[in-house]
Amino acid sequence: MLLIKNGLVIDPSQDLCEKKDIYVKDGRILGMEEKISTAAVECDMIDATGCIVAPGLVDVHVHFRDPGFTYKEDVETGAKAAARGGYTSVVLMANTKPVADNEDTVSYVINKGKQTDIKVYTCAAVTKGMAGKELTDMDSLLACGAVGFTDDGIPITDETLLEEAFRKASEKKAPVSLHEENPELIINNGIHKGKASEHFGIGGSPREAEISLIARDLEIALRTNAVLNIQHISTKEGVELVRKAKIRAAQNGTARIHAEATPHHFSLTEEAAIQYGTLAKMNPPLREEEDRLAIIEGLRDGTIDIIATDHAPHSKEEKERPLTEAPSGIIGLETALSLGVSRLVGENGFTHQQLLKCMSTNPAQMYALNAGTLAVGAPADLVIYDPKASWTVGDYRSKSSNSPFTGQTLQGVVRYTIVDGTVVYKS
C-alpha cells in the first residue's frame, strides 16, 4: 500500500487540478481525498509537497532496437530510460531485425517487455518486411498482442495498398501510424532543404516531401473511416492540413485523425542542425521558426493531440560518421517532460494540464491502453515531478547518448515514476 500526500494532482482525464492525497492498494488507485490521515492507514508514504502528481506518461512512438540492433538499445535499457523520464507505458515501432511483421517477433518483444518495470506495447508492420509491397496478416498480429500498425521510418508510397491497409485496420479500430516523407522529393534526408542544407552543401529534405504525403493520406483516411496517426509532424502546412481534416472528420463522424509532435520539433529549428550536425539530424528534419511556432499552436488548439518522442538511439560511432552517412534520429525519453515544462509551459504559457493531456491521456486513448488516468480503480501508474526544479541533461539510462540537448539545463525534474503502485524510478 502507498500513500501519496501533499501533491498537486493533475489528471486531464477527469479535468482535475487540485491538491489531494492519493491512496494506492494492490496496484490500483483506491481513493483520492483532500486529506488522508496517515494514522488511518499503515503503508509507505511519499511526500509530494511542491510536486505535480499525474498519470504516468505514455509514449506511442519509441524505438528500443530489439531484436536486431541491441548495441544501440534493448528493451531493458529502453525501459529504464522511459522510467527515468516519467513514462509508465510505451509503444514500440516495428522496424526491428527481423521486422515485427510476424507473430514470433511481436511475441518476443511483448514477452521481453513484461520482464521490465514499465508497460511495453508494440506495433506491428503494415507491410511485410516494411517493403511496401504486401500487407501483413493484421488479424493474427492483433491477436498475438500488437496494438496498431506502422512502417515508421519508411513511407508507404503505394496508395492502393495503403487504402487497403486503412480499410482492414479500421474494421478492428486499430490505429495506423505513418511516417510522412515522400522519398522521391528528398536528396539527402535528415536535414531541411533551406538554410541548413545550403550550409552543408547538400540537397536536403524539402517541406513538400511531408506536405504531399500528409495531404494524400488524410484524404484516404477520411474516405475509409481510418484511425490515422500522422507521426512527428514538422511543417506549418502539415499542421494546417491536419487541422482542416479534423474539422471534416468531426462533421462527418467518420475517421479519427491524430497527429504527433516531438519535443525536438517544438524546441529546435534547422539552426540546431547547423550547430550540432549529426546530433540534430532526424527524419523529418528540424525546419524553420515558423514551423516550430505552428507546431506549438497546433498543440495549443488540439490540432496536434499527442507529444511523442520518436526515441531513436544510435551508437556514438554511427553518429560520428559524415553528415550524409550518419543515421537520423535522437534519443528523447529522458528529456521529453522537461522540454515540455521548459518550452511549452515556461516559454509559451501552456498549463501543465494541457501538457499532460498530450503526454499521457490522449496517447493512451488513441491506442485504447489502460493508462492515462488516475480514476479510482485505474492502474496506479503515476509520475511525480517538480515543475520548478532544474537539472543538467546527461548521465543517460539509455545505452545511447545521441541528443543535442546534452549539457543543457532544463526545468522540470521527475522525482518518482510508479507502475502498478510500485516505485520504479526515484531521483
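A cavity is a set of grid points where a 1.4 Å probe fits but cannot get out. In this predicted model, the second largest cavity has a volume of about 50 Å³. A search of the whole structure finds 3 cavities of 30 Å³ or more and 0 disulfides. The largest pocket holds about 420 Å³ of space. Two peptide bonds before prolines, at Pro67 and at Pro98, are cis.

**Cavities**

- The second largest cavity is lined by 13 residues. Ile154, Pro155, Ile156, Leu178 and His179 are the closest to its centre.
- Strand S10 (176-178) and helix H6 (207-224) each give at least two residues to the lining of the second largest cavity.
- Sorted by class, the lining of the second largest cavity has 5 nonpolar, 3 polar and 5 charged residues.
- The largest cavity has a volume of about 70 Å³.
- Val62, His63, Phe64, Arg65, Asp66, Leu92, Met93, Asn95, Thr96, Val109 and Thr122 line the largest cavity.
- The largest cavity's lining splits into 5 nonpolar, 4 polar and 2 charged residues.

**Largest pocket**

- The volume of the largest pocket is about 420 Å³. Of its 20 lining residues, Arg65, Asn95, Gly153, His314 and Ser328 are the closest to the centre.
- The lining of the largest pocket counts 6 nonpolar, 10 polar and 4 charged residues.
- Arg65 and Asn95 appear in the linings of both the largest pocket and the largest cavity.

**Parallel sheet**

- Three strands form an open sheet in the order S6-S7-S8, with parallel pairing.
- S6 and strand S8 (119-122) stand at the edges. Each has a single partner strand, so one side of each lacks a neighbour in the sheet.
- Neighbouring strands of this sheet are turned by 20 degrees against each other on average, direction ignored.
- S7 and S8 run parallel and are joined by 4 bridges.
- Leu92 stands opposite Thr122 in S8. Leu92 and Thr122 are also among the residues lining the largest cavity.

**Backbone exceptions**

- Most peptide bonds are trans, and most residues other than glycine have a negative phi.
- The bond from Asp66 to Pro67 is cis, with omega near 15 degrees. Pro67 sits in the loop between strand S6 (57-62) and helix H1 (75-84).
- Asp66, on the N-terminal side of that cis bond, is one of the residues lining the largest cavity.
- Lys97 and Pro98 are joined by a cis peptide bond, with omega about 5 degrees. Pro98 falls in the loop between strand S7 (87-92) and helix H2 (103-113).
- Asn6 is not a glycine, yet its phi is positive, about 70 degrees. Asn6 lies in strand S1 (residues 2-11) and is partly exposed, at 24% relative accessibility.
- Asp310 also has a positive phi, about 55 degrees, without being a glycine. Asp310 is in the loop between strand S13 (306-307) and helix H11 (316-319). Its relative accessible area is 10%, so Asp310 counts as buried.

**Cysteines**

- The whole structure contains 0 disulfides. A disulfide needs two cysteine sulfur atoms within 2.5 Å.
- The cysteine sulfur closest to that of Cys43 belongs to Cys51 and is 18 Å away, so the two are too far apart for a bond.
- Cys51 is in no disulfide either. The nearest cysteine sulfur to Cys51 is that of Cys17, at 14 Å.
- Cys43 is partly exposed, with a relative accessible area of 25%. Cys51 is buried, at 10%.

Technical notes
Residues numbered from 1 in each chain as written. Predicted model: local features only at pLDDT ≥ 70, side-chain atom pairs only at ≥ 80, totals over all residues. Heavy atoms only, no water. Buried < 20%, exposed > 50% of the residue type's maximum accessible area, 1.4 Å probe, protein only. 1 Å grid on protein atoms, 1.4 Å probe; cavity = no way out; pocket = protein on both sides within 12 Å on 5 of 7 lines; lining within 4 Å. Points joined across faces, edges and corners; volume = space filled by probe spheres on them. Nonpolar A, V, L, I, M, F, W, Y, C, P; charged D, E, K, R; others polar. Pairing = 2+ DSSP bridges. Axes fitted to C-alpha atoms, helices over the stretch in contact; angles between N-to-C directions.
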